[in-house]
Amino acid sequence: MKLEENKDRLLLIFTRNPKLGKCKTRLAAVIGDQAALDIYMILLRHTAEITKDLNCSKEVYYSEEISENDLWDKDNYAKQLQEGNDLGERMYNAFKSGFQKGYKKIIIIGSDIYDLNSETIEAGFNSLENSDFVIGPAADGGYYLIGMKTLNHEIFLNKNWGTETVLEDTLSNLTHKEIQLLQIKNDIDVYEDLKEFDVFQSFVKI
């Protein structure tokens, strides 16, 4: 990849450190800690697979500590630590850092969307050619992707993260901006989310 192409686009990937009892807690309440961790590892591997060949710079933001030897190849992914008191502050700080480094278009994704693919992320970057913001709505009322060309603080403030109002509240902050919405996708947060994906059927109780 050419350095100048990388410098134009930055993909931020927010992850949780995959520790027993520390990830997918709503799933774990139904299927147990180990199964929830196994599912999260599937999601992490999927996220790495769909992002590794994208023509952009990539930064993985860890929730607790940076892991040197894991599935994120340090030659392809810069490794950072999330900083902030809530999800909004942590995302804002990641975007702020990216813009300070000179990137022109920055997108953030999580690591729990199994039906997310590289084409959708590429479409997000392409949307920023003509729009101020791009958002990938999640079926639960949140979003799985958000991107922008200039730093906006307001969209990260006063949100009830993890609730069904996040997307609506975010859009209300952007009423005078050009926004492109991507396809609705379903993140894997609760037991019912597992049922629509073949890869998770071994975790579904009959």
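## K24 and its loop

K24 lies in the loop between β1 (9-14) and α2. In this predicted model, the phi angle of K24 is near 50°, a positive value in a residue other than glycine. The relative accessible area of K24 is 11%, and K24 counts as buried because that value falls under the 20% cut-off.

## The largest pocket

K24 also appears among the residues nearest the centre of the largest pocket, together with R16, L87, D112 and D189. The lining of this pocket comprises 34 residues, and the space within the pocket is about 920 Å³. Four elements give two or more residues each to that lining: α2 (25-31), α4 (87-100), β4 (105-109) and β6 (143-148). The largest share comes from β6, with four residues.

By residue class, the lining of the largest pocket holds 16 nonpolar residues, nine polar residues and nine charged residues.

## D187

D187 is found in the segment after β7 (179-181). Which side chain of opposite charge is nearest to the buried D187? That side chain is K24, 6.5 Å away. D187 has no salt bridge, because a salt bridge requires a side-chain nitrogen of Lys or Arg within 4 Å of a carboxyl oxygen.

With neighbours within four places in sequence left aside, the contacts of D187 are D112, I113, A138, D140 and D193. One of these, D112, is also listed among the residues nearest the centre of the largest pocket.

## N158

A positive phi is also found at N158, where the angle is near 55° and the residue is again other than glycine. N158 is placed in the loop between β6 and α6 (166-172). Is N158 buried or exposed? Its relative accessibility is 78%, so N158 counts as exposed, the cut-off being over 50%. K24, by comparison, is buried at 11%.

## E59 in strand β2

E59 is found in strand β2, which spans residues 57-62. The relative accessibility of E59 is 4%, so this residue counts as buried.

Outside its neighbours within four places in sequence, E59 is in contact with L10, L11, L12, I13, A78, Q80 and K101. The C-alpha atom of E59 is separated by 26 Å from that of N173, a residue 114 places away along the chain.

How values were computed:
Residues numbered from 1 in each chain as written. Predicted model: local features only at pLDDT ≥ 70, side-chain atom pairs only at ≥ 80, totals over all residues. Heavy atoms only, no water. Buried < 20%, exposed > 50% of the residue type's maximum accessible area, 1.4 Å probe, protein only. Lys, Arg positive; Asp, Glu negative; His and termini not counted. Contact = heavy atoms within 4.5 Å. 1 Å grid on protein atoms, 1.4 Å probe; cavity = no way out; pocket = protein on both sides within 12 Å on 5 of 7 lines; lining within 4 Å. Points joined across faces, edges and corners; volume = space filled by probe spheres on them. Nonpolar A, V, L, I, M, F, W, Y, C, P; charged D, E, K, R; others polar.
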